[in-house]
Amino acid sequence: MKKAAQFFMAVILVFGISLSIAPKTRAQSFDVQKAIEAGDHKGLAEYYRSQAETQRNVAAMHDKMKTEYRKSHVHYKGIDSVMAGHCGDLKFQALKSAEQYDALAKQEEKLGTAK
């Protein structure tokens with residue numbers, strides 16, 4: 001179990017470092033508060049669509065991890081199903097978030113064309 005904890009700490013560290021050195025995308029630099037205040041429906045719709053795509057990418061990553069955990073049962077000595085289940089849950093949550101962002105984008109598009 002100690003090795004599993006060490007593995008997770010390493011994954012978290014690598015993931016954190018990759019986020020901190022990754023270049024900022026338009027979505028990351030987009031000021032949602034200002035866009036809401038200005039009624040920038042087009043900008044908000046684009047932002048929400050990009051967030052939905054990001055969540056779909058997260059879901060795909062967790063789906064791949066789920067597959068890898070199932071294939072790597074020897075290394076996890078019985079906890080592979082727990083790990084795969086965790087990845088399945090995270091995939092589901094990311095897909096739900098993507099659906100919500102898609103709905104927000106549609107609503108902003110409607111608001112933008114209503115003017």
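In which helix does serine 50 lie? Serine 50 belongs to helix H4, and this residue offers a handy starting point for a walk through the model, which is a predicted one. With a relative accessible area of 25%, serine 50 is partly exposed, since that value falls between the 20% limit for buried residues and the 50% limit for exposed ones. Along the chain, serine 50 and aspartate 102 are 52 residues apart, yet their C-alpha atoms are separated by 9.2 Å.

Stepping back, the protein as a whole contains 6 helices and 0 strands. Read from the N terminus, its elements follow the order α-α-α-α-α-α. Of the 115 residues in the protein, 23% are buried. The accessible surface amounts to about 8500 Å², and carbon and sulfur atoms account for 61% of it. Contacts tell us about the fold too: among those between residues at least 6 apart in sequence, 62% join residues at least 24 apart.

Two of the helices deserve a closer look. Helix H4 covers residues 41–71, and at 1.5 Å a residue its 31 residues should span 45 Å; the C-alpha atoms at its ends are 45 Å apart, so expectation and model agree. Helix H6 covers residues 80–113. The same reasoning can be tried on H6, where 34 residues should span 50 Å at 1.5 Å a residue; its end C-alpha atoms lie 49 Å apart, which agrees.

How are these two helices placed relative to each other? Two packed helices are described by the angle between their axes and the distance between the axes. For H4 and H6, the axes come within 7 Å and cross at roughly 165°. Because angles over 145 degrees count as roughly antiparallel, H4 and H6 are roughly antiparallel to each other. The crossing in which H4 passes H6 is left-handed.

Individual residues help to fill in this picture. The buried residues of H4 include His41, Leu44, Ala45, Tyr48, Ala52 and His62, while those of H6 include Cys87, Ala94, Ala98, Ala105 and Glu108. Glutamate 108, in helix H6, has a relative accessible area of 13% and is therefore buried. Leaving aside neighbours within four places in sequence, glutamate 108 is in contact with His41, Leu44, Ala45 and Tyr48, and these four residues are themselves listed among the buried residues of H4. Glutamate 108 and histidine 41 are 67 residues apart in sequence, but 5.0 Å apart in space from C-alpha to C-alpha.

Another histidine of H4 is worth a visit. Histidine 62 sits in helix H4 and counts as buried because its relative accessibility is 11%. Not counting residues up to four places away in sequence, histidine 62 touches Cys87, Leu90 and Lys91. Of these partners, Cys87 is one of the buried residues of H6.

Finally, glutamine 100 offers a friendly contrast. This residue is also found in helix H6, but at 53% relative accessibility glutamine 100 counts as exposed. Even so, glutamine 100 has a distant sequence partner in alanine 52: the two are 48 residues apart in sequence and 7.8 Å apart in space, C-alpha to C-alpha. Alanine 52 is one of the buried residues of H4.

Key: Residues numbered from 1 in each chain as written. Predicted model: local features only at pLDDT ≥ 70, side-chain atom pairs only at ≥ 80, totals over all residues. Heavy atoms only, no water. Expected span 1.5 Å × (residues − 1). Buried < 20%, exposed > 50% of the residue type's maximum accessible area, 1.4 Å probe, protein only. Contact = heavy atoms within 4.5 Å. Areas by Shrake-Rupley, 256 points an atom, 1.4 Å probe, with all protein chains shown as cover. Axes fitted to C-alpha atoms, helices over the stretch in contact; angles between N-to-C directions. Parallel < 35°, antiparallel > 145°, perpendicular 65-115°, else oblique. Left-handed = near helix turned anticlockwise from the far one by under 90°.
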